[in-house]
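Subject: Structure for you to look at, with notes on its salt bridges

Dear colleague,

I am handing over the structure below, and I would be glad if you opened it before reading my notes. The notes deal with salt bridges and with where their partners sit.

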Amino acid sequence: QEQLVESGGGLVQAGGSLRLSCAFSGRTLSLDRRGWFRQAPGKEREFVAAVTRTDSRIYSDSAKGRFTVSWDNAKNGVYLQMNSLKPEDTAVYYCAARSVGSTDYNYWGQGTQVTVSS
């Protein structure tokens, strides 16, 4: 059973940067993807970025060119470096993971708030 714990959210001005971290505990070798989703007030949760087990990176259109997702094997963590932040990036960001053979992300963190002021 995986447990995911996020950290690194906060308040930042537009144009600034934040780095989110997510610590994994459990059998990470059984995971197919590890990444990030977000949910803004009044909106549905949406995919942001993920790292696959073959170390490929996948990004949403809104994240491309501004965000970088990475995985550290030694630390069992997934990270999201967010640059050039915009007010529309304001949301609760969730770390998530998908087991090998699963079609849906089946492990979730508790979420961390990111607020970008204009």
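A salt bridge is here a side-chain nitrogen of Lys or Arg within 4 Å of a carboxyl oxygen of Asp or Glu. Please keep in mind that this is a predicted model; by the rule just given, the count comes to 7 salt bridges.

One of them is formed by Asp-32 and Arg-98, whose closest N and O atoms are 2.4 Å apart. Because Asp-32 lies in strand 4 (residues 31–39) and Arg-98 in strand 9 (residues 91–99), this pair ties together parts that are 66 residues apart in sequence. Asp-32 has a relative accessible area of 16% and is therefore buried, and Arg-98, at 15% relative accessibility, counts as buried too.

Another salt bridge brings together the side chains of Asp-89 and Arg-38, with 2.9 Å from N to O. This pair also links distant parts of the chain, since Asp-89 is in the loop between strand 8 (77–82) and strand 9, while Arg-38 is in strand 4, 51 residues apart. Both Asp-89 and Arg-38 are buried.

A further salt bridge joins Lys-64 and Asp-61, with the closest N and O atoms 3.5 Å apart. Here Asp-61 is exposed, its relative accessible area being 67%.

Finally, you may wish to trace one network in the model, in which Arg-38, Glu-46, Arg-66 and Asp-89 are joined by salt bridges that share partners.

With best wishes

Technical notes
Residues numbered from 1 in each chain as written. Predicted model: local features only at pLDDT ≥ 70, side-chain atom pairs only at ≥ 80, totals over all residues. Heavy atoms only, no water. Helix = DSSP H or I, 4+ residues; strand = E, 2+ residues; numbered from the N terminus. Buried < 20%, exposed > 50% of the residue type's maximum accessible area, 1.4 Å probe, protein only.
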